[in-house]
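Take a look at the chain below. Keep the sequence and the 3D view side by side as you read.

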Amino acid sequence: MRRKSWVSGLGAVVALGAVLMLLTTFASAASSGGAAHVRWDIISTTGIPPAPLNPGGHASAMAPDGDTITLTGSGHFVAPASGGGSAAVDGGGTWTTSGGSGTYEVTALVSWQRANDQANVGFVDNIDEGTRTNGTAVLKIAFSDGSSGVLTVGCHGPGAPPGIFEGVATTKGYKTYYNVPAPAPGVDAGRTLFHVR
C-alpha cells in the first residue's frame with residue numbers, strides 16, 4: 001500500500017515537471033520572435049511633423065461604381081509568428097456610405113505583415129502603445145446591417161519601403177471599396193498607424 005502511494009506521488013511530480021517544462025518552452029518561444037501584440041488605428045493628424053498623432057481619425061475608399069465608404073476605428077490583435085490568422089482580436093468603428101451608416105466589429109485577423117519601424121521625424125505620439133510600425137493588416141469584420149467584409153489597413157509612414165498604401169480598403173458584402181486615395185499633406189484624413197509590443 002505504501003509503495004503504491006509512493007509511486008503515485010512520484011508520477012504526479014514527474015507529470016507536474018513535464019507540464020512546467022512545456023510551459024517554459026512555450027513562454028520562451030513567445031518572447032523570442034513569437035506572437036506580436038499590435039494596436040491599429042485610423043488616426044487623426046495632418047501628417048506634418050510635429051503634428052500630434054491621435055486616435056479618432058477617418059479614412060475613405062471608393063468602389064468602382066463611385067460609391068465611397070468612410071471608416072473610423074481602432075483595435076488590437078495578436079499576430080502569430082507564422083504570419084497567419086488569429087481570433088485574438090478586438091475593436092471596430094463606424095462606417096458611412098451613400099446607402100447608410102452604422103458600426104462594424106473586427107471578428108478575426110486574416111494576416112499581419114510587418115514592414116519596418118517608422119523613422120522618428122518628430123511626431124508627437126499621443127497613442128504611444130508600443131513601437132510605431134509600417135505594415136499591412138487584413139481583418140475580417142461584421143457590419144451592423146448584417147453584411148460582412150474584409151478590412152485592409154495599410155500604414156506607409158516615415159521610412160516605409162515602397163509598395164504599401166496609406167489608408168484603408170474594404171469589402172462590404174459583394175462591393176469592393178479598393179480605390180484608396182493617398183492622403184493629402186496638411187489634410188486630417190486617410191491615415192493609419194500600427195503600434196507593436
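What follows goes from the whole chain to a pocket and then to a single histidine.

This is a predicted model. The chain has one helix and 13 strands. Along the sequence, the helix comes first and the strands follow. Of the 197 residues, 39% count as buried. Contacts often link distant parts of the sequence: among those with a separation of 6 or more, 61% join residues 24 or more positions apart. The chain exposes about 10200 Å². Carbon and sulfur atoms supply 61% of that area.

Now turn to the largest pocket. Its volume is about 260 Å³. The lining is made of 18 residues. His 156, Gly 157, Pro 158, Glu 166 and Arg 191 lie nearest the centre of the pocket. By class, ten lining residues are nonpolar, six are polar and two are charged. Strand S13 gives the most to this lining, with three residues.

Strand S13 spans residues 191-196, and His 195 is found in it. Is His 195 buried or exposed? His 195 counts as buried because its relative accessibility is 0%, and the cut-off for buried is under 20%.

Which residues does His 195 touch, leaving out those up to four places away in sequence? One group is His 37, Val 38 and Arg 39. Another includes Asp 125, Ile 127 and Asp 128. Glu 129, Gly 130, Thr 131 and Arg 132 complete the list. With Asp 125 there is also a polar contact, side chain to side chain, at 2.7 Å.

Key. Residues numbered from 1 in each chain as written. Predicted model: local features only at pLDDT ≥ 70, side-chain atom pairs only at ≥ 80, totals over all residues. Heavy atoms only, no water. Helix = DSSP H or I, 4+ residues; strand = E, 2+ residues; numbered from the N terminus. Buried < 20%, exposed > 50% of the residue type's maximum accessible area, 1.4 Å probe, protein only. Polar contact = N/O pair within 3.5 Å; in protein donor to acceptor, adjacent residues only side chain to side chain. Contact = heavy atoms within 4.5 Å. 1 Å grid on protein atoms, 1.4 Å probe; cavity = no way out; pocket = protein on both sides within 12 Å on 5 of 7 lines; lining within 4 Å. Points joined across faces, edges and corners; volume = space filled by probe spheres on them. Nonpolar A, V, L, I, M, F, W, Y, C, P; charged D, E, K, R; others polar. Areas by Shrake-Rupley, 256 points an atom, 1.4 Å probe, with all protein chains shown as cover.
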